[in-house]
Amino acid sequence: MSSAAATLLLRRATGTAATAAATTTLGLKTTSAACAAVAKRTLAAAAADESLRKTALNDLHKELGGDMVPFAGYELPVLYKGGENGGVMKEHLWCRADGKASLFDVSHMGQIRWHGKDRAAFLEKIVVGDIAGLAPGSGCLSLITNEKGGIIDDTVITNAGDYIYMVVNGACKFGDMEHFEEQMKAFDGEVCMEYLEDDMQVLALQGTGAAEVVKKLLPSDFDLTKMAFMTGVDIAVDGIQGCRLTRCGYTGEDGFEIAMPAEHAVSIASKLLEDPAVNPTGLGARDSLRLEAGLCLYGNDLDQETTPTMGTLGWTMGGPGSRRRVEGGFLGAEHILTPEGKFKKVPKKRVGIKGMKAPARDHTEIFDATGETKIGEVTSGTYSPCLKVPIAMGYVETKNAKVGTEVMLKIRNKMQAAEVVKMPFVESRYYRVPE
């Protein structure tokens with residue numbers, strides 16, 4: 001685990017009412033003395049604790065045959081052994097099957113609530129998206145950038161009405177919060193960050209059957225058919241208050257992320273697993289599913305040297321003429337956008353690659369069609385369980401990024417012919433509200 005920042009406000013130390021009261025302050029220097037002291041103790045604890053953390057579902061994973069591995073500072077299942085539908089291949093295909101749903105433990109992710117009347121304005125200083133324009137309940141994928149326009153992390157942000165709900169990557173969360181703290185010191189406004197720690201756990205339920213499964217645990221008067229993809233709501237789940245349901249995910253399928261108090265995580269997970277449509281699924285299938293969907297893994301496909309436009313994620317800033325592209329205002333905007341809001345030219349771009357006979361893993365070198373000039377490198381690669389062929393994504397020089405460009409990959413010291421292709425590799429099936 002990174003020895004970095006933990007939080008400015010702690011829910012368990014201040015309580016919801018105290019947190020709300022603290023939103024008239026800014027950062028550690030303007031919260032109450034007690035809150036500041038708690039934050040300092042948490043910073044020290046985060047720095048000192050280098051052992052693997054365990055989610056509330058750790059024992060359940062092991063009972064289900066989870067093959068536990070270190071990931072983002074936590075012990076999590078890479079796959080499940082022994083069961084009829086266990087193993088990366090079967091878990092992956094289960095998620096893609098009609099009427100099925102895969103259950104993932106994603107409690108390592110960082111959950112943050114932002115309070116204060118200037119919370120949206122502050123977030124627009126640190127992320128590229130239109131946060132002020134989010135309607136209540138609506139969310140978006142956005143990117144946290146540094147002074148040079150490089151990507152510090154990717155994040156999902158939702159306007160929860162009384163607060164803004166942010167989810168960041170587990171491996172990055174402490175570094176992210178350290179960055180947020182530094183930016184808050186320079187911000188002239190009312191904003192307060194509440195890190196939920198491991199008090200709140202998160203389950204992801206993904207697949208075309210996810211809606212039918214999850215609605216059985218929701219209040220009978222809640223109409224799930226009207227809940228659009230990338231929206232969220234605070235709601236009771238299986239009668240348990242204090243939960244949050246977001247229709248989103250990272251597999252290319254319809255699905256949900258369910259945040260719940262840690263003490264109820266096992267009961268909710270067990271209730272979901274009672275449904276014959278649900279299969280427990282590990283990190284291995286989660287990675288192959290997101291790659292088929294053309295989605296990035298931070299640390300592989302995105303990093304602090306990569307800008308949104310290099311990563312072909314310029315759409316997170318909006319379309320041509322949109323407010324965020326014209327106004328900028330986020331860290332590093334001048335390295336990404338012209339004064340007119342157009343994208344500046346970049347030396348490389350992220351692309352999909354197919355056609356090679358063997359899987360190309362990360363750091364595999366990419367050459368031009370002659371095999372003589374290196375033009376890039378693979379950042380993620382695997383064998384696609386659905387397509388039954390190797391797939392990869394990586395970065396190539398911009399002039400070679402056009403779909404249909406022939407390339408050569410150096411795999412196990414042998415050159416293999418491949419081609420730049422459009423992503424996603426497998427068609428996405430995100431939910432659309434019926435008109």
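Colleague: On the two sides of strand β6, are the residues buried or exposed?
Modeller: This is a predicted model, in which local features need pLDDT of at least 70 and side-chain atom pairs count only at pLDDT 80 or more, while totals for chains, interfaces and linings use all residues. Residues are numbered from 1 along each chain as its sequence is written, and side-chain values use heavy atoms, with hydrogens and water left out. Buried means under 20% relative accessible area, exposed over 50%, and partly exposed in between (1.4 Å probe, protein chains only). Gly-110, Ile-112 and Trp-114 on one side of β6, and Gln-111, Arg-113 and His-115 on the other, are all buried.

Colleague: Why is β6 largely enclosed by the rest of the structure?
Modeller: Strands (E, at least two residues) and helices (H or I, at least four) are DSSP runs numbered from the N terminus. β6 covers residues 110-115. It is largely enclosed because the number of its residues that are buried is six of the six.

Colleague: Which residue of β9 is the bridge partner of Arg-113?
Modeller: Two strands pair if DSSP finds at least two bridges between them. β6 and β9 (residues 164-168) pair in the antiparallel sense over five bridges. In β9, the partner of Arg-113 is Tyr-165.

Colleague: And which residue stands opposite Arg-113 in β10?
Modeller: Strand β10 (residues 192-195) pairs with β6 over four bridges, in the antiparallel sense. Both faces of β10 are covered, with Cys-192 and Glu-194 buried on one side and Met-193 and Tyr-195 on the other. His-115 has Cys-192 as its bridge partner, and opposite Arg-113 stands Glu-194.

Colleague: Which strands stand at the edges of the sheet β2-β4-β3?
Modeller: The sheet is open, with three strands and mixed pairing. Two of the strands have a single partner each, so one side of each is left without a neighbour in the sheet. These are β2 (53-54) and β3 (66-71).

Colleague: Which residue of β4 stands opposite Met-68?
Modeller: β3 and β4 (residues 74-80) are joined by six bridges in the antiparallel sense. Opposite Met-68, in β4, is Pro-77.

Colleague: At what angle does α10 run to β4?
Modeller: Axes are lines fitted to C-alpha atoms, for helices over the stretch in contact, and angles run from 0 to 180 degrees between N-to-C directions. Contact means heavy atoms within 4.5 Å. Helix α10 (residues 283-292) lies across β3 and β4. Its angle to β4 is about 75°.

Colleague: How is the packing of α5 against α10 classed, and what is its angle?
Modeller: The axes of α5 (residues 88-96) and α10 are 8 Å apart, at an angle of about 50°. Among the residues in contact are Val-88 and His-92 of α5, and Ala-285 and Leu-289 of α10. Angles under 35 degrees count as roughly parallel, over 145 as roughly antiparallel, 65 to 115 as roughly perpendicular and the rest as oblique. At about 50°, α5 is therefore oblique to α10.

Colleague: What is the average twist in the six-stranded sheet?
Modeller: This open sheet has the order β12-β13-β14-β11-β5-β15, with mixed pairing. Its edge strands, β12 (231-237) and β15 (278-280), each pair on one side only. From one strand to the next, the twist averages 25°.

Colleague: Which residue of β15 stands opposite Ser-102?
Modeller: β5 (residues 101-105) and β15 pair in the parallel sense, over three bridges. Ser-102 faces, in β15, Asn-279.
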